Each structure stands twice: as C-alpha cells, then as structure tokens.
Amino acid sequence: MKVLKDILYKVSLTTTTGDMELGVKDIVFDSRHVTEGSAFVAIKGTQVDGHEFIEKAISLGAESIICEQLPEKLIDGITYVVVVNSARALGIMASNYFDNPSENIQVIAITGTNGKTTTATLLHQLFMRMGYSTGLLSTVENKINETVIHATHTTPDAVSVQALLRKMVADGCTHCFMEASSHAIVQERIAGLKLAGAVFTNISHDHLDYHGTFDEYIKAKKKLFDELPKDAFALVNGDDKRGMVMLQNCKASHQTFALRSPADFKAKIISNTLEGLELEINSKMIWFRMIGSFNAYNLLAVLGVTVLLGEEEDEVLRELSGIRGAKGRFDRISIAGITAIVDYAHTPDALDNVLKTINAARTGGEQLITVVGCGGNRDKTKRPIMAKIAVQESDKTILTSDNPRFEEPNDILKDMQAGVGPSEIRKTLSIVDRREAIKTACMLSQKGDIILIAGKGHEDYQEVNGVKHHFDDTEIVTEFLQQLTQG
Ligand SMILES: CC(=O)N[C@H]1[C@@H](OP(=O)(O)OP(=O)(O)OC[C@H]2O[C@@H](n3ccc(=O)[nH]c3=O)[C@H](O)[C@@H]2O)O[C@H](CO)[C@@H](O)[C@@H]1O[C@H](C)C(=O)N[C@@H](C)C(=O)N[C@H](CCC(=O)O)C(=O)O
Ligand SMILES: Nc1ncnc2c1ncn2[C@@H]1O[C@H](COP(=O)(O)OP(=O)(O)OP(=O)(O)O)[C@@H](O)[C@H]1O
Ligand SMILES: N[C@H](CCC[C@H](N)C(=O)O)C(=O)O
Ligand SMILES: [Mg+2]
C-alpha cells in the first residue's frame with residue numbers, strides 16, 4: 001500500500017483519521033473503475049457530478065473519498081477528505097502517488113489554439129535526433145522514446161499524465177514535450193506538474209462552446225503561465241497580441257519569438273513555397289521542410305525552447321532543417337499530376353493560413369478544390385466562418401462532414417452553408433458523405449490541380465453517434481486518385 005504525502009491542497013480533513021497522510025492502492029476519478037482499497041475523487045463534470053457516485057464507489061471498494069462536499073450519509077471506516085477543488089487535488093495526489101515524476105524530467109507544456117501538436121512533435125523528433133531519451137504527449141500519439149502509446153485526448157487525464165511521466169522517468173527520459181489544451185488547463189489535468197517551461201503559440205477562434213466567451217478562453221490559456229514557477233521559462237509569440245497578456249504577472253523568465261515584433265528569437269521569411277521555407281535566423285539562411293508562414297512560428301518556438309534548455313543554436317538549426325513534422329499536417333500526396341493536401345486545419349485561423357499558403361505558392365492556371373467539414377458537439381459559431389473562408393480562398397469548395405459525433409450531419413452542413421454568400425453558391429457543393437465528397441473532388445480535378453482536404457489530418461476514424469468507424473482522408477484520396485490513373 002502506498003502512502004500519499006502532502007496531498008493537501010487547501011484540504012481540511014473532516015472525519016476519521018485526522019491524519020495528513022492517506023494510504024491508497026489506487027486513485028480513480030470514475031466510479032466505474034473503482035478497485036478495492038482505492039481513493040475515489042469526486043469531480044463535477046460537464047455531464048454529471050461525480051459526487052453522485054460516492055456511494056457506488058464505496059460499494060465497489062473505495063476506502064477514501066476526496067470531494068468538495070461531504071455526502072449526507074457518512075459510512076464507518078471510510079476516510080473523507082474535503083477539498084476546495086477536487087480536480088486539482090486529483091492532479092496533486094496523482095503526482096504524489098507516482099513519486100512526483102516531473103521533478104525528475106524537464107516537462108515543457110505547449111498551449112495555443114493552433115500549432116501545439118506541430119511544436120511538441122518537432123521538439124520530440126529534434127531531441128531524439130540529438131540523442132536524448134524523450135517523451136511526447138500529443139493529440140496524435142503519446143510516445144516514450146519511439147514507443148507509441150495511443151492518445152485519446154490532446155492532454156490525457158491527470159492520472160494518466162502522471163502515470164505516463166512516471167514511465168518516462170523509469171525509461172530514462174530527460175525531457176517531455178506535451179500539449180496543454182485549454183480544456184485540460186481548466187479541468188486541472190496538469191495540476192501537480194512541475195514545469196520547466198511553457199509555450200504560447202497563438203490564440204484565435206475555437207472552443208467557445210466550452211469556454212463561453214473569448215475572454216474566458218484567453219483566461220484558460222493564461223492560467224498555465226500564471227502558475228509557472230520562478231525557475232521556469234515562459235516563451236510566447238510576440239506577434240500575437242495576447243502573447244504579452246500571457247506574461248502579465250507570470251513569475252517565470254519572460255521570453256518571446258516573432259517574425260514581425262522585436263523578440264528574443266526572431267526570423268525573417270526569405271522564401272515560402274510548397275517545397276518548404278527558407279528563413280534567415282541570426283544572419284544565417286536555413287532551409288526547412290515545413291510549409292507555410294505559420295510553420296515559421298512553430299520552428300521559432302522550437303528553436304526558443306531548445307536554446308532555453310541549454311542547446312547550441314547552430315546544432316539545433318542543422319538538425320531541425322531535416323525534420324518533417326507531425327502526421328496529418330500539410331501531408332502531400334501527388335498522383336497523376338494532381339496534388340492532394342491532407343491537413344488538420346479545424347479552426348478558421350488554421351484553414352485561412354493553409355489556404356493562403358497554398359494560394360501564395362500557386363503558379364496560376366491550376367484550380368484549388370477544398371473539401372472541409374466541421375465537428376459535431378463542438379463550437380457551432382466557427383462553422384459559417386470556416387465555410388466562408390474555404391469558399392473565398394478556393395475555386396471550388398465541397399462542404400461535407402467531419403466527426404458528426406451526436407449531431408445530425410445535415411444540420412452541421414446547414415450551419416456551414418450560412419457562411420456562403422449568394423454569389424459563391426455556384427462554386428460550392430454540399431455532400432454529406434465525406435468519402436463521396438473526396439471522390440467528387442478527385443473527379444473534378446485535372447492535372448496540375450490541388451485538392452485540400454481539411455479538418456481531420458492524422459485521424460484514422462470518423463466518429464458517428466459515439467462509434468468510431470475507420471476513416472482516413474489520406475487513404476481515401478490516394479485510392480480515388482489512383483483510380484483516375486487507371487480509368
Ligand atoms: C468536455 C470535456 O472536456 N470532458 C472531459 C471531462 O469529462 P466531463 O467533465 O464531461 O465528465 P462527466 O461525464 O460530466 O463526469 C464527471 C465525473 O463523474 C465521473 N463519473 C461519471 C459517470 C459515472 O458513472 N461515474 C463517475 O464517477 C467521471 O469520471 C468524471 O470524473 O473529463 C473526462 C476525464 O478527464 C474527459 O474524458 C472528458 O473529455 C471528453 C471525452 C472530450 O471529448 N473532451 C474534449 C473536448 C477535450 O478534452 N479536448 C481537448 C483538446 C481540445 C483542443 O484543444 O482542440 C483534449 O485535451 O483532448
Ligand atoms: N502556428 C500556427 N498558427 C496557425 N495555424 C497553425 C499553426 N500551426 C499549425 N497550424 C494549422 O493548424 C492545424 C493544427 O495544427 P496542430 O495540430 O499543430 O495544432 P494543435 O494546436 O495541436 O491543435 P489541437 O488543438 O486540435 O490539438 C494544422 O494542420 C495547420 O493547418
Ligand atoms: N481537439 C479538437 C479536434 C477537432 C478535430 C476535428 N476533426 C473535429 O472533430 O472537430 C477538438 O476536440 O475539438
Ligand atoms: Mg494538438
């Protein structure tokens with residue numbers, strides 16, 4: 001049996017033990033996973049209140065209960081711990097339970113609307129190339145060195161975060177690069193973590209369904225920086241007007257990266273084509289395989305983190321120039337003279353950036369066909385905006401489904417169609433079946449054309465009514481483009 005020390009986050013022990021240590025066999029926050037001798041942490045969620053399951057947890061063997069309010073009926077032999085914020089207590093307890101792994105590995109958290117996966121993945125690839133044992137927690141996958149552990153969230157739950165860090169430490173990792181989603185920050189999935197640094201990539205429209213207002217969304221991101229310790233660094237995008245907001249009242253060392261504003265880490269774009277980016281950094285010209293000006297920001301963030309962690313700039317740039325980035329981010333498939341681009345752009349800003357990157361690199365003559373959908377049970381207000389951007393920036397647009405989740409796909413399409421102006425209707429199609437939409441884009445395209453398939457990137461499924469069916473944009477577009485060459 002493990003002994004938890006220092007679990008007290010403004011905790012007041014109300015019942016049996018009067019002790020500040022709690023011996024538990026496991027920590028669970030879902031009554032359905034309770035085991036004999038575990039501590040059950042009751043969390044108020046978006047769907048239900050975990051406090052409703054306290055009795056059930058005890059009946060399944062929980063011996064201690066961490067909660068914000070005591071249940072009416074207290075049961076003999078059970079330890080109840082009342083805390084101000086049980087989600088936060090969960091993070092701190094989990095850290096203690098796994099022997100505070102973040103004290104033995106440098107953890108860097110990356111937040112922002114777009115660019116988290118790209119930045120974290122580049123950092124992981126770079127540190128591996130430089131010979132470090134390195135961990136990664138990302139939307140696409142979690143990794144301990146090259147061993148992949150399936151990711152269900154951008155940031156795992158608090159117990160999984162600590163368990164994964166524990167495993168990284170046991171496997172000799174010295175660094176971990178992780179995404180901190182705004183949901184995770186608000187839900188305290190990273191409470192209890194000692195961070196060596198945090199990065200802010202940018203903030204734009206997303207997740208207003210969850211945060212309510214843009215100000216609340218900014219506040220969620222800022223919380224990461226407010227809680228950084230003094231010996232950490234806070235590296236922010238100086239060209240994003242909220243970058244400086246993140247640094248207000250932040251105790252950590254203030255660091256910036258930028259293309260336009262004065263900054264600690266600065267670059268100038270020399271050329272930006274569909275082959276890659278040429279950047280001037282400290283009077284050196286460096287070629288990167290990443291595409292689009294937005295990736296110049298991601299590369300600068302990576303450079304900043306690496307130098308702040310004590311690496312030598314020239315070596316970093318040399319290694320970085322050969323790296324490709326994360327799966328599903330501007331992946332190019334060229335068949336029969338047609339170029340398909342599969343990209344995870346699922347926010348207005350990302351879609352606009354990707355389309356502008358493609359348009360800037362076009363030589364003329366060819367047409368750009370965009371296939372895009374919006375996820376169900378997510379921010380509805382981004383739907384017409386994304387459709388509008390797609391239609392304005394493309395020669396033809398096919399509006400389709402993304403992950404409908406529990407929504408009616410045609411209702412999502414209607415929300416998107418509201419962003420298409422009357423003069424643009426003639427160049428817009430709506431095809432609810434994403435596979436058919438991709439097929440149609442292929443059939444409409446001719447040699448030289450570009451097809452952008454946006455929104456799902458690396459995802460290998462489509463989620464419909466709670467079921468994830470196999471679905472892979474890259475696989476499907478390859479199949480149809482190959483058919484064109486055969487027929
Ligand atoms: C909206 C949201 O973020 N929800 C997350 C949240 O669930 P919730 O608050 O809805 O939980 P709930 O169902 O209300 O339950 C409340 C509590 O009661 C417990 N419970 C519930 C039922 C029961 O029978 N017994 C029981 O004990 C639950 O375990 C929970 O502790 O806490 C859960 C445990 O950590 C997460 O799995 C869940 O992620 C859901 C599945 C999700 O889709 N989240 C997405 C939006 C998300 O987190 N996305 C971000 C990335 C976003 C981005 O930046 O693009 C991510 O980090 O992945
Ligand atoms: N720095 C950036 N600024 C704006 N757009 C970007 C940036 N980096 C990537 N993008 C665009 O956003 C998409 C998502 O990028 P990425 O997966 O790196 O972001 P993320 O922040 O991890 O997203 P999520 O919140 O879903 O985890 C990319 O496919 C690309 O279209
Ligand atoms: N992390 C994002 C991913 C969105 C990906 C897009 N394909 C969708 O399903 O909306 C979210 O959970 O909102
Ligand atoms: Mg991500």
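Q: How does the reach of α3 from its first C-alpha to its last compare with the span expected at 1.5 Å a residue?
A: This is a predicted model, and α3 has 14 residues in it. At 1.5 Å a residue you'd expect 20 Å. The reach from first C-alpha to last is close to that, at 20 Å.

Q: Is α3 mostly covered or mostly open, and how many of its residues are buried?
A: Buried here takes 20 or more other C-beta atoms within 10 Å. The residues of α3 that pass include K116, T117, T118, L122 and F127. That leaves the helix mostly covered, and the count of buried residues is 12 of 14.

Q: Which residue just after α3 takes a positive phi?
A: Look just past the end of α3, which spans 116-129. The phi there is about 95°, and the residue is G131.

Q: Which element gives the largest share of the shell around ligand 2?
A: Ligand 2 has 24 residues around it, and the closest are G115, K116, T117, T118 and A350. The elements giving two or more residues to this shell are α3, α9 and α11. With 4 residues, the largest share comes from α11.

Q: Why does ligand 2 lie between two domains, and which are they?
A: The domain assignment splits the protein chain into domain 1 (2-97), domain 2 (100-322) and domain 3 (331-484). Two of these give residues to the shell around ligand 2, so the ligand sits between them: domain 2 and domain 3.

Q: Between which domains does ligand 1 lie?
A: The shell of ligand 1 has 20 residues, with D30, G45, Q47, G50 and H153 the closest. By class that's 5 nonpolar, 12 polar and 3 charged. Residues come from both sides, so the ligand lies between domain 1 and domain 2.

Q: How many nonpolar, polar and charged residues make up the shell around ligand 3?
A: The residues surrounding ligand 3 are T154, H346, G375, R378, D402, N403, G455, K456 and E459. Glycine is put with the polar class in this scheme. Sorted that way, the shell has no nonpolar residues, 5 polar and 4 charged.

Q: What distance separates the centres of domain 1 and domain 3?
A: Domain 1 covers 2-97 and domain 3 covers 331-484 in the assignment. Taking the centres over C-alpha atoms, the separation is 46 Å.

Q: Which helix gives the most residues to the largest nonpolar core?
A: That core has 139 residues, and those with the most contacts inside it include V41, V107, A109 and L351. The top contributor gives 10 residues and runs over 293-308, which is helix α9.

Q: Which residues does A109 touch, leaving aside those up to four places away in sequence?
A: A109 is among the residues with the most contacts inside the largest nonpolar core. With residues up to four places away left out, its partners are M178, A180, I190, L195, A198 and L224.

Q: Where is D99, and is D99 buried, partly exposed or exposed?
A: D99 has a positive phi of about 60° without being a glycine. This residue lies in the loop between α2 and β8. Its C-beta has 14 neighbours inside 10 Å, so D99 counts as partly exposed.

Q: Which loop holds A336, and what exposure class does this residue get?
A: A336 is another residue other than glycine with a positive phi, near 55°. The loop is the one between β20 (331-335) and β21 (338-343). Because A336 has 14 C-beta neighbours inside 10 Å, its class is partly exposed.

Note on methods: Residues numbered from 1 in each chain as written. Chains lettered and ligands numbered in written order. Predicted model: local features only at pLDDT ≥ 70, side-chain atom pairs only at ≥ 80, totals over all residues. Core = buried A, V, L, I, M, F, W, Y, C linked by C-beta atoms within 7 Å. Contact = placed C-beta atoms within 7 Å. Near = placed C-beta within 6 Å. Domains from an automatic or database assignment. Expected span 1.5 Å × (residues − 1).
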